[in-house]
Amino acid sequence: MTSRHRASERLNSLAPRRRTVVKAAAATAGAALVAAPFPAGAADEVPAFLHGVASGDPLPDGILLWTRVTPVAAAIPGSGLGPDTEVSWIVATDKAFTNIVAKGSVTATAASDHTVKADVRGLAPATTYWFRFSAGGTDSPAARTRTAPAADAAVSNLRFGVVSCANWEAGYFSPYRHLAARGDLDAWLHLGDYIYEYGTGEYGTRDTVVRQHAPTHEILTLADYRVRHGKYKTDADLQALHAVAPVVAIWDDHEFANDAWSGGAENHTEGTEGAWAARQAAAKQAYFEWMPVRPAIAGTTYRRLRFGKLVDLSLLDLRSFRSQQVSVGNGSVDDPDRTLTGRAQLDWLKAGLKSSDTTWRLVGNSVMISPFAIGSLSADLLKPLAKLLGLPQEGLALNTDQWDGYTDDRRELLAHLRANAIRNTVFLTGDIHMAWANDVPVDAGTYPLSASAATEFVVTSVTSDNLDDLVKVPEGTVSALAAPVIKLANRHVHWVDTDRHGYGVLDITADRAQMDYYVVSDKTKANATSSWARSYRTKSGTQKVERTYDPV
């Protein structure tokens, strides 16, 4: 995407703004500030920052800054209304903005839904900065971000928040609030399903819409996708997290439509819902407008970031290039002509993993790579599990939307790891609305006698329904029954929690990568509390997961 900002300037000082119209209030103790709406009776031409500020894709010398300005009251997301508006930005080393190191400006237009990005360069590595935007005398909330370590830096420790699958209507985004309150994250990873495309009440709410999204119909057009993104960005907890650390995000299917593939989606009817190519293009345009994501290849989210000598992070796009999912009577999961990644992306991933000289190779992966056999679940559990996975309810031994449905790509990738003795590859995964800690076996059928090529940490959903929600029983009821059966049928699975909602915190040193799993008390309560659930780690050189009994 072509940058629209003017070149940044190095400064030593900047006069304070003459006024700040948009008041700010703490969304959580010590965390982000949330812009207030237009005051009653205010002039329509007073700009406002109603959707927060954000940063993303940290580099050793730069960061991508994002906001949306509402130049007049009528210029709501998706409206196509509102004048061109000059938006300036500043970056400082301190919250009071006394030591400003860079500034610039960009023009917000209706053509980009009045969203703006500034790809700021010339910053120092491994440094915390503060930034804000201004328009027409109005300042945005101030926010904090952090650059990546220098490529050749010896880094002792990194810490990332990890989240996925946030359905607005199913509950409140308290996992974001609890991550924001930590104050110790180098960045946070969003592994997909940042938004959902469904109409109101159509998806996963335990038959109760906790809070209604907008628009209320299924999103199909560019305006629709913009409105939905805009609604999400009004959430105080999401604004709080965006304002304390940079995000590294990839998309999954619900940024488009359920079970999306290169030529369509399960939740898209060609013709009556328009052309898939037009819907996909609209979804991608809105995503890149509304997310602080720097696309490495136009129209995709696959790219690679490096964090010193400790970590490189390969981020995948598993929707744009994939073949259609296999269903009953429709092809074979082992067909070598079918692909999840596309040839170019798989070659890029293999080359990057082989050439990496960092201690750890992380892969941001939107759908589970570990094999998953359902096992002998009882009918009352098999049906909701099949519904969650998008399987025929009579049952199949795999989820064809995951890597299980594209076994040739997986076989090639895992063989590449083994053949080249590539160690310390950790897949970080969302999508499935459950928490998992897995070895990634070369041959699941003979595991543990066969080798493990990598490890995988899967985080549960922020709010999207999991098994206890689908069965409508108290939390923990299904997991107590299903987890032992799943583990018995999948010996590479060390842990699975099918029922709870929350987030992960990944802590990395040279010796180990550890995922601490946290759960929230009640997704339907705005003030839900958070508690540590379990921790698993993989020690350097082992390619295996083990339990550890304390969070970092």
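This is a chat about aromatic contacts and cavities in a predicted model.

Visitor: How many aromatic pairs are there by the ring-centre rule?
Guide: The count comes to 21 aromatic pairs. One of them joins tyrosine 198 and tyrosine 203, whose ring centres are 4.7 Å apart with 5° between the planes, and this pair is classed as stacked.

Visitor: Why does that pair count as stacked?
Guide: Planes under 30 degrees apart count as stacked, so the 5° between tyrosine 198 and tyrosine 203 puts the pair in that class.

Visitor: Is tyrosine 198 buried or exposed?
Guide: Tyrosine 198 has a relative accessible area of 11%, and because buried means under 20%, this residue counts as buried.

Visitor: Which residues form an aromatic cluster?
Guide: Trp168, Phe173, Tyr176, Trp188, Tyr194 and Tyr232 form one aromatic cluster.

Visitor: And which charged side chains lie over the face of a ring?
Guide: Among them are arginine 132, placed over the face of phenylalanine 97 at 4.3 Å from the ring centre, and lysine 233, which lies over the face of tryptophan 66 at 5.0 Å from the ring centre.

Visitor: Switching to cavities, how many of 30 Å³ or more turn up in the whole structure?
Guide: The search finds three cavities of 30 Å³ or more, and the largest holds about 50 Å³ of space.

Visitor: What lines the largest cavity?
Guide: Its lining consists of Ala435, Thr460, Trp495, Asp497, Tyr503, Tyr517, Tyr518, Val519 and Ala533, with strand S20 (493-497) and strand S22 (512-520) as the elements that give two or more residues each. The largest share, three residues, comes from S22.

Visitor: How many of those lining residues are nonpolar, polar or charged?
Guide: The lining of the largest cavity divides into seven nonpolar residues, one polar and one charged.

How values were computed: Residues numbered from 1 in each chain as written. Predicted model: local features only at pLDDT ≥ 70, side-chain atom pairs only at ≥ 80, totals over all residues. Heavy atoms only, no water. Phe/Tyr/Trp six-rings, centres within 6.5 Å; stacked < 30°, edge-to-face > 60°. Buried < 20%, exposed > 50% of the residue type's maximum accessible area, 1.4 Å probe, protein only. Lys NZ or Arg CZ within 6 Å of the ring centre and 35° of its normal. 1 Å grid on protein atoms, 1.4 Å probe; cavity = no way out; pocket = protein on both sides within 12 Å on 5 of 7 lines; lining within 4 Å. Points joined across faces, edges and corners; volume = space filled by probe spheres on them. Helix = DSSP H or I, 4+ residues; strand = E, 2+ residues; numbered from the N terminus. Nonpolar A, V, L, I, M, F, W, Y, C, P; charged D, E, K, R; others polar.
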